[in-house]
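The following paragraphs go through a structure in three steps: the contact between chains, the ligand site, and a few backbone details. Please keep the sequence and the model open while reading.

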Amino acid sequence: MSQNTPSLYEQLGGQAAVDAAVDIFYRKVLGDDRISHFFEGVDMDQQAAKQKAFLTMAFGGPHHYTGLDMRRGHAHLVAKGLDDSHVDAVIENLGGTLRDLGVAEGLIAQVAAIAESTRADVLGR
Amino acid sequence: MAAIHYADQRFELEPGQSVLDGLTGQGVPVPSSCRAGVCQTCLMRSTEGTPPTAAQHGLKDSLKARNYFLACVCHPTQDLRVVLPDAEEDRQTATVRGLDLLGGGIMRVALECHAPLDYRPGQFINLFQGTGQVRSYSIASVPGLDDHIHLHVRRLAGGRVSGWVHGELRPGQTVTIQGPAGDCYYPSGTPGQPLLLIGTGSGLAPLYGIVRDALAQGHCGPIRLYHGSRAPEGLYLAEELRALAQRHAHFDYIPCLSGPDAPEGYAQGRVHEVALRDNPKLDGWRIFFCGHPEMVKLGKKKAFLAGAALRNIHADEFTVGPATEPGA
Ligand SMILES: Cc1cc2nc3c(=O)[nH]c(=O)nc-3n(C[C@H](O)[C@H](O)[C@H](O)COP(=O)(O)OP(=O)(O)OC[C@H]3O[C@@H](n4cnc5c(N)ncnc54)[C@H](O)[C@@H]3O)c2cc1C
Ligand code: FES
């Protein structure tokens with residue numbers, strides 16, 4: 001990326017955008033019957049912190065995720081039946097969150113593409 | 001696996017083992033109570049090596065900066081050299097000034113601290129029983145309104161510390177306390193924000209403190225307190241709360257009974273369900289949950305789905321420790 005083009009993360013609004021998105025996104029995910037059962041019994045504050053890390057990554061921001069982390073972090077969910085349909089649901093909720101925040105479709109597509117790129121690792125393939 | 005160095009000895013942790021279990025399993029007397037990273041009884045300090053941030057959740061910044069951590073939730077990835085905090089670090093003594101049965105098996109304990117205790121109503125302190133058992137109790141008193149620190153201790157069948165409080169503690173006796181800790185309290189600065197407070201059993205203790213603190217600080221937004229129990233006897237302080245609601249038009253007290261039928265004057269149903277049924281839209285509200293861990297977990301989630309921001313949800317789960325503690 002050239003020096004004067006703002007990064008995707010900057011265009012979205014950086015850390016402030018992540019802060020604005022995390023409650024909306026987590027609420028959508030928890031309220032989505034297709035995937036809410038994966039979140040049963042987990043500590044909400046810890047889970048919100050994880051959602052924040054995920055959003056930062058999907059927004060193209062600074063993160064420390066590796067493919068291996070993704071595999072390890074989701075292995076217990078894959079064992080519980082996590083599959084493509086659930087990843088689809090998460091990406092859909094991500095798009096819905098950004099739409100709620102009034103983000104342009106072009107940027108939403110870029111975020112969805114980053115989330116999409118983790119699919120194989122998340123599903124342990 | 002990481003190793004722990006304590007008092008010139010080396011302790012190898014097994015996979016998944018916490019620092020607390022690793023040490024107490026080998027006979028090191030580290031105090032503990034909730035074993036869930038809440039009560040801060042198992043506070044330790046690392047003098048070499050950085051404890052994981054997950055083991056510092058809820059600690060004051062000044063403690064974090066000095067590498068204090070909670071041993072029961074500490075799963076280190078590097079070797080640590082650890083010490084127990086100086087006994088004086090955050091402990092002090094207090095004299096029991098009053099013991100009053102409030103009904104519902106709840107004893108109000110009034111404590112006079114020997115040094116001023118800087119607390120916010122709704123925070124909790126840890127109470128040490130002479131024999132080394134420690135338990136957390138929330139603070140129901142308000143500085144400026146009450147002379148002493150008030151705790152509401154519910155008697156549990158076979159409970160060691162609550163049994164001791166009810167059966168053996170006497171006015172005039174000296175006890176050791178630690179704290180205060182916790183972020184379940186009324187934050188100043190948003191006097192118009194609607195407040196929803198939901199508690200079961202002795203979970204009323206912090207809420208009783210928070211409500212009176214908010215009123216004393218001139219809170220002008222609506223304040224709604226829902227207190228739940230199985231039977232009417234469990235709804236202690238009901239007269240005081242009804243009188244308070246009479247005096248303040250913006251304060252509502254809703255006693256709830258979870259049993260099959262509720263007499264006149266009570267709402268019927270589980271307390272968090274009644275509260276969320278009455279108040280289905282919680283955008284912009286501040287919400288407090290205290291008491292039964294299941295109720296607190298479910299309530300938090302429902303309040304969040306009803307629109308409350310996570311940073312506006314405060315909660316204390318009154319976790320009760322295991323029946324027998326290893327090494328005790
Ligand atoms: C942050 C925090 C704040 C707290 N605030 C308060 C407070 O304000 N007031 C208060 O009373 N408590 C409060 N508690 C709980 C308190 O700390 C103790 O856990 C409680 O008093 C029991 O201690 P004990 O020594 O009497 O029981 P223990 O000797 O630890 O025995 C507990 C035993 O009782 C059994 N048990 C569990 N639940 C019940 C039940 N409902 N009836 C019968 N037996 C049961 C358990 O299986 C266990 O074997 C709080 C806890 C936390 C973590
Ligand atoms: S915080 Fe460790 S025992 Fe309670």
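How many residue pairs are in polar contact across the interface of chain B and chain A? The rule finds five such pairs, with both residues at pLDDT 80 or more. The pLDDT condition is there because this is a predicted model, in which side-chain atom pairs count only at pLDDT 80 or more. On the side of chain B that touches chain A, the residues divide into five nonpolar, one polar and two charged.

The rule also finds two salt bridges across this interface. One of them joins Glu40(A) and Lys301(B), whose closest N and O atoms are 3.8 Å apart. For a salt bridge the cut-off is 4 Å between the side-chain nitrogen and the carboxyl oxygen, so the 3.8 Å of this pair falls within the limit.

The extent of the interface can be put in residues or in area. In residues, eight of chain B are in contact with nine of chain A. The size of an interface is often given as the accessible area lost when the parts come together. Here the area buried between the two chains is about 950 Å², and carbon and sulfur atoms give 64% of that. Within chain B, the residues that lose the most area to chain A are Lys301(B), Phe304(B) and Leu310(B), which together account for 58% of what that side buries. Lys301(B) thus appears both in this group and in the salt bridge with Glu40(A).

Next comes the ligand. Around ligand 1 there are 23 residues, and those that come nearest are Ser136(B), Tyr137(B), Arg160(B), Val161(B) and Ser162(B). By class, this shell has eleven nonpolar, eight polar and four charged residues. Strand S9 (134-138), strand S10 (149-154) and helix H3 (160-167) of chain B each supply at least two residues of the shell; S9(B) gives the most, with four.

Several polar contacts involve oxygen atoms of the ligand. A backbone N or O atom of Ser136(B) lies 2.7 Å from a ligand oxygen, and for Tyr137(B) an N or O atom of the side chain is 2.7 Å from one. A polar backbone atom of Ser138(B) is 3.1 Å from an oxygen of ligand 1. The protein covers 81% of the 1,000 Å² of accessible area that ligand 1 has on its own.

Two backbone details remain. Most residues other than glycine have a negative phi, and most peptide bonds are trans. Arg35(B), in the loop between helix H1 (19-24) and strand S3 (43-48) of chain B, has a positive phi of about 55 degrees. The peptide bond from Gly179(B) to Pro180(B) is cis, with omega near 10 degrees, and Pro180(B) lies in strand S11 (residues 174-181) of chain B.

How values were computed
Residues numbered from 1 in each chain as written. Chains lettered and ligands numbered in written order. Predicted model: local features only at pLDDT ≥ 70, side-chain atom pairs only at ≥ 80, totals over all residues. Heavy atoms only, no water. Near = heavy atom within 4 Å. Polar contact = N/O pair within 3.5 Å; in protein donor to acceptor, adjacent residues only side chain to side chain. Areas by Shrake-Rupley, 256 points an atom, 1.4 Å probe, with all protein chains shown as cover. Nonpolar A, V, L, I, M, F, W, Y, C, P; charged D, E, K, R; others polar. Contact = heavy atoms within 4.5 Å. Buried area = accessible area lost by both parts, 1.4 Å probe.
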